[in-house]
Structures are given as structure tokens and as C-alpha cells.
Amino acid sequence: TFIMDSYNFLTPIDEHTTRYFWFQQRNVAPNDAEVSRRFAASVRGAFEEDKAILTAMQRGIDESSTPTINLRSDTSGIRFRRRLTQLIEAEAGLPGN
């Protein structure tokens, strides 16, 4: 049975930049450098496609002159960001907390 696990870690740098770290594990030819190279190239290609879309989305967000429309599926992310903002403001001693 072929198994390949991919792990992804995103680290925000600032409001517009995030570092994206990833690695893979597989149970087929683990010591074969050529197989490793081919798998990495294939996955990197998929991530580069994602990067093109995410970059275009960020540009659209940055240049938007209309308000954001939140969907019901956005609720968890919105709550998280609001709470994180509250914690940051509280730590910084900003008013309103």
C-alpha cells in the first residue's frame, strides 16, 4: 500500500506575508534520491499553482473598494481573529479591554 503524508505549516510574517513550510513522508523508496526529487517537484508545482491564486486573491483584497462580505462558513475564523486582536490589545495595554 502506498502512503504519502504531507504536512503544511503557515507562519504569518505581517498583514500581507505568510511563510509556508511543508514536507512529505512516504513508505515507497524512502532512500531513493531520484524518487524524492520527482515527488518534491510534483508537489512544488501544485503549491506554485496555489501561490498564483493566493497572490491574486491578496491583490484583490488589497485593492478592493467594497466591504468584505462574510459567509456563515467564515464564523470560526472571524471569532478567532477578533479574540486574537483582543488578546494583543490587552497585552499591549490598549483601551477597550
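# A walk through a two-strand, two-helix model

The protein chain has an accessible surface of about 8,700 Å², and 55% of that belongs to carbon and sulfur atoms; areas here come from the Shrake-Rupley method with a 1.4 Å probe, and for residues only the protein chains shown count as cover. Keep in mind that this is a predicted model, where local features need pLDDT of at least 70 and side-chain atom pairs count only at pLDDT 80 or more, while totals for chains, interfaces and linings use all residues. Residues are numbered from 1 along each chain as its sequence is written, and side-chain values use heavy atoms, with hydrogens and water left out.

How confident was the predictor? pLDDT is its confidence in each residue, from 0 to 100. The mean for the protein chain is 88, with 98% of the residues at 70 or more. Among the elements, helix α2 (residues 75–92) has the highest mean pLDDT at 92, and β2 has the lowest at 87. As a rule of reading, coordinates should not be taken in detail where pLDDT is low.

Now for the layout. The protein chain has two helices and two strands, and along the sequence they come in the pattern β-β-α-α. Those labels are DSSP runs numbered from the N terminus, with helices being H or I runs of at least four residues and strands E runs of at least two. The C-alpha atoms fill a box of roughly 60 × 30 × 25 Å along the principal axes. The radius of gyration is 19 Å, whereas a compact globule of 97 residues would have one near 13 Å. That figure is taken over C-alpha atoms, and the globule rule is 2.2 Å times the number of residues to the power 0.38.

How much of the chain is buried? Just 4% of the 97 residues in the protein chain are buried, where buried means under 20% relative accessible area, exposed means over 50% and partly exposed lies in between (1.4 Å probe, protein chains only). As for contacts (heavy atoms within 4.5 Å), take those in the protein chain with a separation of 6 or more: 21% of them are between residues 24 or more positions apart.

Start the tour with the strands. Tyr7, Phe9, Phe21 and Phe23 make a nonpolar surface patch of about 400 Å², and β1 (4–14) and β2 (17–26) each supply at least two residues of that patch. To join a patch, a residue needs over 30% relative accessible area and no salt bridge; like charges are joined within 9 Å, and nonpolar side chains (Val, Leu, Ile, Met, Phe, Trp, Tyr) within 5 Å. Phe23 sits in strand β2 and counts as partly exposed because its relative accessibility is 38%.

Two other residues of β2 are worth a stop. Thr17 is in this strand and is partly exposed, with a relative accessible area of 36%. Its C-alpha atom lies 23 Å from that of Glu91, 74 residues away in sequence. Gln25 also belongs to strand β2, and a relative accessible area of 43% makes it partly exposed. Leaving out residues up to four places away in sequence, Gln25 touches Ile3, Met4, Asp5 and Tyr7. By contrast, the C-alpha atoms of Gln25 and Arg79 are 34 Å apart, with their positions 54 residues apart in sequence.

Past the strands, the loop between β2 and α1 holds Ala29. What sign does the phi of Ala29 have? Ala29 has a positive phi of about 45°, although it is not a glycine. In general, most residues other than glycine have a negative phi. Ala29 is partly exposed, because its relative accessible area is 30%.

Next comes helix α1 (residues 33–63), where Glu34 and Arg37 lie three residues apart, about one turn of the helix. Their side chains meet in a salt bridge, 2.6 Å from N to O. The structure holds one salt bridge, meaning a side-chain nitrogen of Lys or Arg within 4 Å of a carboxyl oxygen of Asp or Glu. Both partners are partly exposed, with relative accessibility at 39% for Glu34 and 48% for Arg37.

Phe39 is also in helix α1 and is partly exposed, at 24% relative accessible area. Setting aside neighbours within four places in sequence, Phe39 is in contact with Phe2, Met4, Gln24 and Arg26. From Phe39 to Leu87, 48 residues apart along the chain, the C-alpha separation is 41 Å.

Methods: pLDDT = per-residue confidence, 0-100.
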